[in-house]
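Please open the model in a viewer and keep the sequence panel beside it. The stops below follow one another as selections, each with a short account of what is found there.

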Amino acid sequence: MKAIGIPAGSSGHDAAALADLELAAPVARGQDILVSVQAVSVNPIDIKMRGARPQADGRPRILGWDAAGIVIDTGPEVTLFAPGDRVYYAGSITRTGSNAELHLADQRLVARMPASLDFAQAAALPVASLAAWEALFERMHISTTGSDAGKTLLVIGGAGGVGSMAIQLASIVGRLRVIATASRPASQAWCSELGAELIIDHRTDLVPQLAGKDIPGVDYILCLSDTDRYFSTMARLIKPHGHICALVESASPLPMNELRGKSASFSWEGMFTRSLHATPDMIEQHRILERVAALVDAGRLRSTTQVCLDGMTADNLRKAHALVEDGGVIGKVVLARQACASCSTTQILEN
Ligand SMILES: NC(=O)c1ccc[n+]([C@@H]2O[C@H](COP(=O)([O-])OP(=O)(O)OC[C@H]3O[C@@H](n4cnc5c(N)ncnc54)[C@H](OP(=O)(O)O)[C@@H]3O)[C@@H](O)[C@H]2O)c1
């Protein structure tokens with residue numbers, strides 16, 4: 001099968017290392033489904049994993065942890081899917097990635113993709129939706145039945161992949177009032193379009209900007225950027241008994257005592273925790289993605305694909321990595337076997 005990856009022994013420091021490769025087709029065993037991958041999206045984790053040390057086992061490294069495709073075979077223990085199902089998933093960071101013609105994923109991490117979307121639109125959703133859902137409704141315990149309606153959430157880094165889903169999920173499922181940070185007119189407009197009531201600029205101090213709007217504090221904060229840089233700002237902005245959730249690892253120990261006087265709590269969210277540790281509730285990712293698909297099909301959530309590169313080739317993957325590495329992505333960057341010409345939000349770049 002065709003795959004795109006970093007050849008054995010090569011450093012992935014530069015995106016130029018990504019190459020078209022020919023590998024043996026994988027075989028579905030146990031709870032695995034074998035998927036014919038139709039579209040993938042690129043996340044910051046791809047950039048981090050690309051730069052990781054080469055494997056000692058002499059095998060090429062295949063990245064990619066956001067896929068949409070068609071089930072073509074199932075392992076003997078699979079009960080949730082059958083060949084022909086159109087699925088989407090993030091999968092596991094411990095396994096070979098989805099930048100390939102064929103890919104294996106544990107059924108407990110997979111769901112049927114929204115019927116109303118094409119593959120290029122669906123591939124944008126898994127990592128960002130799982131991270132946003134787990135952060136909001138599991139780590140910060142925001143109610144999914146409206147008990148927290150009207151409370152305020154600040155999303156730091158609102159226009160990126162995760163922020164785009166967090167704004168939508170918090171306002172539609174949590175019925176929160178969402179404040180998002182964005183620094184450019186295009187990213188600010190995008191956050192408003194997704195449901196943020198107020199946009200502030202992360203290039204300048206957030207505290208006076210909110211004070212200027214008569215908002216001295218917020219109930220919840222989701223930090224999707226530099227945790228070290230924003231920690232003290234978040235400690236100032238969180239309300240007593242509030243909750244902060246961060247997705248980006250800190251470089252230094254965090255000054256937790258700054259939260260003590262307010263009895264505010266802090267959580268990490270890692271959307272690969274369940275698959276990494278094979279937690280007993282791994283199947284929750286199947287359930288979350290099913291709920292997200294139902295919300296999309298009900299017209300309540302939208303896909304966030306903003307750039308779709310036509311063709312799953314090394315050349316396109318290098319372009320996608322460059323866009324994500326640049327740090328200014330709005331929504332998601334996707335590679336598809338067949339770009340979604342019908343998708344009005346999609347910009348098809350020239351090969
Ligand atoms: N722990 C997990 O489970 C998990 C899961 C997914 C992602 N992540 C991590 O979460 C982070 C966000 O992921 P993502 O996929 O949303 O990234 P992304 O799509 O690459 O984010 C791009 C956005 O970041 C914003 N941004 C740039 N500099 C910023 C700053 N100083 N402060 C606030 N926002 C800034 C930009 O907004 P403007 O253009 O408006 O400046 C841009 O729209 C990444 O570090 C990623 O590795 C963690």
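Select H141 to begin: this residue follows helix α3 and has a positive phi, near 55°. Helices here (H or I, at least four residues) and strands (E, at least two) are DSSP runs, numbered from the N terminus. The model is a predicted one, in which local features need pLDDT of at least 70 and side-chain atom pairs count only at pLDDT 80 or more, while totals for chains, interfaces and linings use all residues. Residues are numbered from 1 along each chain as its sequence is written, and side-chain values use heavy atoms, with hydrogens and water left out.

**Helix α3 and its partner**

Next, select α3, residues 126–139. Is this helix mostly covered or mostly open? It is mostly covered, with 13 of its 14 residues buried; buried means under 20% relative accessible area, exposed means over 50%, and partly exposed lies in between (1.4 Å probe, protein chains only).

Add helix α9, residues 284–297, to the selection. The axes of α3 and α9 are 10 Å apart and their packing angle is about 105°, which makes α3 roughly perpendicular to α9. Axes are lines fitted to C-alpha atoms, for helices over the stretch in contact, and angles run from 0 to 180 degrees between N-to-C directions. Angles under 35 degrees count as roughly parallel, over 145 as roughly antiparallel, 65 to 115 as roughly perpendicular and the rest as oblique.

Show the side chains where the two helices meet. On the α3 side they are P126, S129, L130, W133, E134 and E138; on the α9 side they are Q285, I288, L289, R291, V292 and L295. Contact means heavy atoms within 4.5 Å. By class, the contact of α3 with α9 has seven nonpolar, two polar and three charged residues. For these classes, Ala, Val, Leu, Ile, Met, Phe, Trp, Tyr, Cys and Pro count as nonpolar, Asp, Glu, Lys and Arg as charged, and the others, Gly among them, as polar.

**Salt bridges**

Keep E134 and E138 selected and add R139, E269, R274 and D281: these residues are linked in a network of salt bridges. A salt bridge is a side-chain nitrogen of Lys or Arg within 4 Å of a carboxyl oxygen of Asp or Glu. Within this group, zoom in on D281 and R274, whose side chains meet at 2.9 Å, N to O. D281 is partly exposed at 31% relative accessibility, whereas R274 is buried at 8%.

How many salt bridges does the whole structure hold? A search finds 19.

Select E197 and R177 for another of these pairs, again with 2.9 Å from N to O. E197 lies in the loop between α5 (185–194) and β10 (198–200) and R177 in strand β9 (residues 177–181), so the pair ties together parts that are 20 residues apart in sequence. E197 is exposed, at 51% relative accessible area, and R177 is partly exposed, at 43%.

**Helix α10**

Move to D315 and K319, a salt bridge in which the closest N and O atoms are 3.9 Å apart. Both belong to helix α10 (residues 314–326), four residues apart, and are separated by about one helical turn. D315 is partly exposed at 37%, as is K319 at 27%. Now add A16: D315 and A16 are 299 residues apart in sequence, yet 8.7 Å apart in space, C-alpha to C-alpha.

**Three loop positions**

Select Q55, in the loop between α1 (44–50) and β4 (67–74). Leaving aside neighbours within four places in sequence, Q55 is in contact with P60 and R61. Q55 is partly exposed at 35% relative accessibility.

Go on to D214, in the loop between α6 (206–211) and β11 (218–223). D214 has a positive phi near 65° without being a glycine, and it is exposed at 71%. S263, in the loop between β12 (238–246) and β13 (265–268), also has a positive phi, of about 50°, and is not a glycine. S263 is partly exposed at 47%.

**The two domains**

Finally, colour domain 1 (2–125 + 281–304 + 342–349) and domain 2 (128–268) separately; these bounds come from an automatic or database domain assignment. The domain centres, taken over C-alpha atoms, are 28 Å apart. Where the domains touch, domain 1 gives 13 residues and domain 2 gives 16 residues.
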